[in-house]
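I opened this notebook to keep a record of what I looked up in the structure. The entries follow the order in which I worked.

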Amino acid sequence: MVLRSVLSWTLALCFAALFLLTAIPVHAGPQIDIVIGKSPPPLERFAVDELADQLRKVYEADVRISSSLADDSPATIFVGNPDTNGHFKPFAAKWPKLSGQGHVLRSVTHRDRPALLVGGGSPAATYWAVTEFGHRLGIRSMLYGDLYPVSPPPLKLDGIDVVMEPVVRLRTWRMLDELPFGTAAWGLDEQRRVLKQLAKLKYNRVILSTHPWQPFVHFKFNGVEKSTGVMWHGWTFPVAGDTAGRAAFGGAKVFDNPDLATATNYDERSAAAHRLLQGIIGSAQELGMSVGLALPAVEFPKEFAAVLPTSKPVPGPSNLTVGPGPDQRPDDPALIALAMAQIHAYLDAYPSLDAVYLTAPHFPEWTDAADDAWKRFAARSGTGGLPSLESLEETAKGNLDPAAKVFAVRALRGNIVALDFYHHLLTDRKWLRRMLHLRQSPIPELQSSPTHRDPNDPLDTEVNLVHVDPVLVPHLEKLLPKRTGVLHFIDHTARRVAAHGDLLAAISARPVPNTLLLTLADNNYEIVPQASHLSLNHLVDAVRQPGWVGFTVRYRSIGDLDLTAYLLSRGSFDPKVTPQSALVDLVTPVCGEGISDRVAKAFELIEQATTLIDVNDLGFSFPIPGVILKHYDSDQPVPEWWGKVRDCYLNAMNEMYRANTRAREGGRSYTLYLARRFEFGFEYMNCVEAVRKAGLAKRKGDTETQLAELEKAIESLHGGLNAMAAVARSNSDRGLIAVLNEFGYRPLKRELEAAEKSAQK
Amino acid sequence: MRHRESESMPSSICAAPTGRHSIAQGVAVGYRSTNDLKPQRGEIPSAFAAVVAPLWGFADISANVTQGCALGYRIASLWDSTATDRAVLSTAIRSASALVICCVLFGGAPQFVCAEDWPQFRGPNASSVSTSAKPLPTDFSATDKVRWSVKLGDGVGSPIVSGGKLFVTAMVGEQRFGVFAFDAASGERLWQREFDTGKLPRITPPNSHASSTPATDGKRVYVHFSTLGLLALDVADGLTVWQHALPPAAFLMDWGAAASPIVYKDLVVFNQDDDLAPVLFGVDANTGKLRWRTERPEMLGGYAVPVVCEANGQTDIVVGGTGKLIGYDPETGRVRWNCNTLPRTLMTSPVVRDGVIYVSVQSYGDETRTLKFALLEWLDTNQDGELARAEIPKEFWPRFDRSDKNGDGVLKGLEVDTAFQASDNLVGGGTTIQAIRGGGRGDVTKTHVLWNIKNRSPSNLSSPIVVGEQLFVVKKGGLSSSFDAATGKTHWELGRIRNIGDYFSSPVAGDGKLYVTGENGFVVVLAQGSKLNVLAKNDMGESCLATPAIADGKIFIRGRQTLFCVSEP
């Protein structure tokens, strides 16, 4: 009996031990305690989870998160700051003075063991401190996700002392826009993913660039109700059937933003679009970023022509909007009321917006009222205020050729009229406060969000006017409505802007909040890969100077931009960062040794290709119908520079394949994507060359060559799109494939069929 | 793991037995193994049909061969369970007898496989040709004429069919390898096995970890997976009969494994041509024990499937590879002959007909480009013209060290030439489609090459198909060429089949048509014959890298994710 009892107990104990052994998770790595405040702000709590995730992924650590101290903790990380986490009190002397963006990693001793303070001057900055810690472990935040280090450094909490304050205080990433290969094609899930990556890269604002013909807002004015609400200028992009690269679409029949794809009418589309935009705004703000909305102030859906008799269609691919005609008065109450109604509609629909960016027409015809407008500016500025308009026009003409002179003067006059309009629009201070997202404080003493704002930072809320003509820069503060800033669009490409050193210096001397628009990839030839790291680095240098509050990026396709986003991010905190150092720092931890040289060489070649296109044909691949066949219709021989661009892409592709071959245990997703992307660029150049040759052969009546070159062109484009499809990882990539099928591949096939039929006759 | 009792007999005539004795053995075992099958109309292997030939003589020679197979198999089931239907039995036996006679008379016997079966990669003896007389559809799509379809998961291995059952593989999760059995007629899922893969090796897209095509002898399904080696699963329930671990394949450029086993008699033959230790295995089909292994040190990575060649009174296992086509004795694995006319890279599989082996070359580069060119182009990361140890994959470091004769830590000059490519086999690229007579001994390079043509622009050429008088190949861009199989005379060269893109799948043939599957998921149907005649272009809606299977009037098309069975209604 006793024996049986002993045996039973032994068995029971064995089972219990077995159960315990299997129930307790096994961790191969170290034990780490993360200590957080008792009621941390949500973003700080999120930062702690991020930190725990990093430690688990890199070291397989056994991480405990608690608001109380553990007696047995071998390693402790304190997260927050003295205001949010009471456990920081013993280390008060160690805590530096920080701005709302400053953040710290600092080793301390806790119970005779090494410990680490991770925190910042705001919850957002605390989150950045966590991501900075991850960065030092070798984690690299690409725009598409995180890559983890091939050989992480030994985990240690002692000997760390990092204090970071930005040297570029406003770091803005633009989202949405109008083409399928921009982020307008992304559903909310994808948007959230990239927002998280941007937050890790310490971007602190996003601008949502919208257009009046899109379905993001609905409004009525004087009996007219908005009824235009489409994406992609109203174009549709089928991907069923014989679509090159269709493997990327997972069986979808039509390309669209997934969140809007099921909407069948205006109301459904508007509702879906509102959910999307509201979701982006909420997600960005949760991550500590402010959100601005960019919209054209004087462009309206075409149905509103009925209430603006002098309006004209705004030139564009689909004529979906109207704007002021040449003789429209900028102080016309009807125009101002309509513009207000539209802006109000956005602010009502998205009441938590932090900033507004009002854009002027790209190709202004609104010029007739410039003389009157300038007189009003002169009157506002008082005696000795402004030069004559005639003298400004002479300055604008400069040494340009005759056609360019006409354009320059027209641009200047249009800009003056637009600025005068803004004065009329923004004079109502009560309305202006309303416009500034219903916050309590008057500008510029802006309130701060309780969760993440820096109360001392005046950057969080403002109205920005996009673009002021360079000729007007010396008089900037006299031309702007009070308490507005300027987002400066100086030229299309970073290379061109970097050449305007004097203008950049002149802007920085003006006492207004200036932000520089950095073109990461120009939309005029955005289909093909671009890189402008050297120029962008030069421009980041410029915006570090007093007079600038920061930058906003401009691009559409996000796939190539991991290095660019990283360079701008690191350069905004460390003036010593260069494109080369950023590249090595980005690539080596996650891809391994020996790879950064290849990637650097590849990007050097892509920069050469970018410059060649910029210099020779800025509109080389503007993605509208005819983007390919325009080369068929030309009677010009194949330009020599095309071959150079093609070779750049080819060699860049080879370099990336070499890098990819070597990145055996590391971030091959990064190198392979770029290899395929550059392969696409190579095939695109092959395609247009063959198209041009086919067109020339057609002119000569050489049908055999015409058919052969058309076949070659189709095959090249097919190959290029397949290369993209093989690595497509966002709806931007899929959008690019869809656009080129609709505007390039299918028209080419139709042309081939027609040529074959013609040849058979 | 469940082990079965050892079975000394070959399992099925579908595994290409030779000679009367083997046929009889095959039937005996095949009969036992089919008791638990549920044959559907017509989906029946030929095993039983053959056994009766020597026993019952030949009668009713005009009987439909296919019908004979079907009935024969059905009787195999009846034989054990009931003896009442003598009339059916008698008819079946006569039909089956006729089938055997046909085979003997018309030369199909040695590699004979019933038309209803497609038991390995590219079908019977990798021929890619269906011999069924049943009509096959010309126009179809992912929704039209689809008898059934099923979402499987990622994979590029081809389906196989035996005894009315279809077997196919897929990745069913990030690290789960799946083997599926379906009723070929209805698509009913019969069983599914899943295996943890462990740490997966590096591969290069578009390769998949589920890349190998199974083979079957009607009793077991033989499957290869890179981290598991060879597995034999019971066709009835998918349970593991045996597992034979193999060394992991290693590729200098990380292509990844994609070799497929075949079954010859009671031998599973598996050729693993990698860049590290290429080797040909002969494994006992019943027990999984190694019968023989033959190293192929002069080979580089490649994916040629072994084929069986009967010629000159001998049976050879023929395997293509770097520089050489080699015939092996299936009993011992010893080399019988070699023909040194191939280029460096052979991704394709040969085909055999009437004792002649046809090879088309998926190659790259010109004839002078040896492996050194590729190594210095892609592995020499810093482009200094030398290979450092860190520049090559770790798996190759011991070989690197052996090749670094002067111990300076880098390979340069001659060291690069011979580090990974055999010094006596430094062949380059090439541009060839060849016909080589089988049945040789020793070096047959100068004696057995029937013809060797240089086709323009040879890169990315598919495996050849020989059907009727025609040898057909297709390449990237949808460029096709056709030659007279007997003479090599060109029918057409680089004719477009109206479907550009890549071609990883081999063309297959049946019912007087060629089915050419593009990576973009379009299946182009051509009329067999000496004129390029596109009959249809059919959209399967998703990327296809696998070679389709044909059995009993049905085409089984394995997309990257989905398996389709299309047939005439």
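I began with the contact between the chains, to which chain B gives 19 residues and chain A gives 18 residues; I took two residues to be in contact if their C-beta atoms, placed from the backbone, lie within 7 Å. On the side of chain B that touches chain A, I found eight nonpolar, seven polar and four charged residues, where Ala, Val, Leu, Ile, Met, Phe, Trp, Tyr, Cys and Pro count as nonpolar, Asp, Glu, Lys and Arg as charged, and the others, Gly among them, as polar.

I note that this is a predicted model, in which local features need pLDDT of at least 70 and side-chain atom pairs count only at pLDDT 80 or more, while totals for chains, interfaces and linings use all residues. Residues are numbered from 1 along each chain as its sequence is written, and chains are lettered from A and ligands numbered from 1 in the order in which they are written.

Next I looked up the domains, whose bounds come from an automatic or database domain assignment. Chain A is split into domain 1 (31-164), domain 2 (170-489) and domain 3 (596-760). The C-alpha centres of domain 2 and domain 3 of chain A are 33 Å apart, and 18 residues of domain 2 are in contact with 22 residues of domain 3. The side of domain 2 of chain A that touches domain 3 of chain A has 13 nonpolar, four polar and one charged residues.

For chain B, the assignment gives domain 1 (13-36 + 47-105), domain 2 (124-366 + 427-567) and domain 3 (371-420). Between domain 2 and domain 3 of chain B, eight residues of the former are in contact with ten of the latter, and the side of domain 2 that touches domain 3 has five nonpolar, one polar and two charged residues.

I then turned to the secondary structure, in which helices (H or I, at least four residues) and strands (E, at least two) are DSSP runs, numbered from the N terminus. Chain B has seven helices and 35 strands, and 58% of its 569 residues count as buried, that is, with 20 or more other C-beta atoms, placed from the backbone, within 10 Å of their own. Why does G163(B) count as buried? G163(B) counts as buried because it has 31 C-beta neighbours inside 10 Å, and it lies in the loop between β2 (160-162) and β3 (165-173) of chain B.

In chain A I checked helix α3 (residues 123-137), of which 13 of the 15 residues are buried. After α3(A) comes G138(A), with a positive phi near 105°.

I also followed an open sheet of three strands in chain A, with the order β16-β18-β17 and antiparallel pairing; two strands pair if DSSP finds at least two bridges between them. Its edge strands are β16 (300-301) and β17 (312-313). Two bridges join β17(A) to β18 (residues 321-323) of chain A, and K312(A) stands opposite G323(A) in β18(A).

Last, I looked at the largest nonpolar core (buried Ala, Val, Leu, Ile, Met, Phe, Trp, Tyr and Cys residues joined through C-beta atoms within 7 Å). Of its 224 residues, L51(A), I77(A), V118(A), L208(A) and L539(A) touch the most other members, and helix α19 (residues 668-700) of chain A supplies the largest share, 15 residues. A second, separate core of 139 residues includes L246(B), L375(B), I497(B) and I555(B).

How values were computed. Buried ≥ 20, exposed ≤ 12 C-beta atoms within 10 Å, placed from the backbone.
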